[in-house]
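Work through the exercises below with the model open. Try each task before reading its solution.

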Amino acid sequence: MVIRNRRKRWADTLQARIEDEISIWLAGDYSTWELVISFREELKKDPRAGGVILTVILATSKLFRQEGQAALRELLTSLNLHRTCYRLLKSGHWYEQAYATRIISQLQMVLALPLLKRKLTTRNMTLRLELITAMVSLGDQTWLRDVENTSFRLSDWEQILLLERFRRMDISQLPPFDAWLTSSHPDWMLFGIRLCRHFNRFDKVTELGGLLRTDNERIQMAVLDAFEYLGSPETIPFLIDYIRKATGERLIRALQVLGNQGDPDVIDLIVGYTDHTDGTVRFTALKALKEIGLSRDELAGLTTEPRYIDHLFDPKLS
């Protein structure tokens, strides 16, 4: 305990000193060479100082845009700390590899790309997310093909985390995720659909519509969600074809989406489902017609169940 406390005090003191020197350097009162000499002296005293310097450089780099990373990258390489990152990538501990990957990504260390690619087959979720994020940030798209050669699942949770990371990037940095719409792996296809939805890819409506013909129900439901979000009139022909074949939850969801399009040309099609054998389908069809603009009286004439109409027009539920 005593040793651990002593090490922490040493690290905290050193970190404060390094932060002060980097602040002076950023203010222009220190040349890069002067800072390198100072940090080399710290490394001579104790090689463990390299880890503290890395931590401060990483934290500082987050204050800059990509174009501002060059000076910090020069500082890192002048101290040979980039080699520390490479060494950590070969560590047997996933968290050290993930830490090194974050530094490589943040400081745009493009030369490390081959090392990152070799790690893609990892089964550790956190490390894989860091690797993918880093390669996207570094502008490398060849990993898209590499991912096709793996059989690893991309869980819903991983997709959420990656989407959040992609959302913070400039549009120009995003990978060509529409390529996943033709992926042989359902998880990656699903992720591609969700990204098309999130980034408003109206130009992909035709490709998305084609995916409604797949046998995978999750893929179909994801396309319906995307169609509802995009709200493009071009989705209507695909929805009409799909509704005629869909059953159960898929039929209910498709009626909801079609109703939300607000196209009066589909009224006759939806009316046909107001006397369906499934009560939920009947109610959903009536609700879809209400979304399109039918009045209470018009809807009442389509059903023998006034409770549905009361429910639809209950102000407490609207």
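## Exercise 1: a salt bridge within one helix

Glutamate 164 is partly exposed, with a relative accessible area of 32%. Here buried means under 20% relative accessible area, exposed over 50%, and partly exposed in between (1.4 Å probe, protein chains only). The model is predicted: local features need pLDDT of at least 70, side-chain atom pairs count only at pLDDT 80 or more, and totals for chains, interfaces and linings use all residues. Residues are numbered from 1 along each chain as its sequence is written, and side-chain values use heavy atoms, with hydrogens and water left out.

Task: find which residue forms a salt bridge with glutamate 164.

Solution.
- Apply the rule: a side-chain nitrogen of Lys or Arg within 4 Å of a carboxyl oxygen of Asp or Glu.
- The partner is arginine 167, with the closest N and O atoms 2.6 Å apart.
- Arginine 167 is partly exposed, at 43% relative accessibility.
- Now place the pair. Both sit in helix H10 (residues 156-167), three residues apart, so about one helical turn separates them. Helices (H or I, at least four residues) are DSSP runs, numbered from the N terminus.
- The general rule fits here: an α-helix has 3.6 residues a turn, so residues three or four places apart point the same way.

## Exercise 2: salt bridges between helices

Task: state which helices are linked by the pair arginine 17 and glutamate 42, and by the pair arginine 102 and glutamate 130.

Solution.
- Arginine 17 and glutamate 42 form a salt bridge, with the closest N and O atoms 3.0 Å apart. Arginine 17 lies in helix H1 (residues 2-26) and glutamate 42 in helix H2 (residues 32-45), 25 residues apart.
- Arginine 17 is partly exposed at 35%. Glutamate 42 is buried at 9%.
- Arginine 102 and glutamate 130 meet in a salt bridge at 3.2 Å, N to O. Arginine 102 belongs to helix H6 (residues 94-106) and glutamate 130 to helix H8 (residues 125-137), 28 residues apart.
- Arginine 102 is partly exposed at 34%. Glutamate 130 is buried at 9%.
- The total count is 21 salt bridges. Asp178, Arg201, Asp203, Lys204 and Glu207 are linked in a network of them.

## Exercise 3: the two sides of H2

Task: list the buried residues of H2, then say which residues are exposed on the other side.

Solution.
- Check the length. The expected span is 1.5 Å times one less than the number of residues. For the 14 residues of H2 that gives 20 Å, and the end C-alpha atoms are 20 Å apart, which agrees.
- Buried in H2 are Leu35, Val36, Ser38, Phe39, Glu42 and Leu43. They cover an arc of only 165° around the axis, so they lie on the same side of H2. The arc is that of the directions from the helix axis to the C-beta atoms.
- Trp33, Lys44 and Lys45 are exposed on the other side.

## Exercise 4: a polar residue inside

Task: is glutamine 220 buried or exposed, and what does glutamine 220 touch?

Solution.
- Glutamine 220 is in helix H13 (residues 217-230).
- At 4% relative accessibility, glutamine 220 counts as buried.
- Contact means heavy atoms within 4.5 Å. Not counting residues up to four places away in sequence, glutamine 220 touches Leu211, Leu212, Thr214, Asp215, Tyr242 and Arg250.

Key: Helix = DSSP H or I, 4+ residues; strand = E, 2+ residues; numbered from the N terminus.
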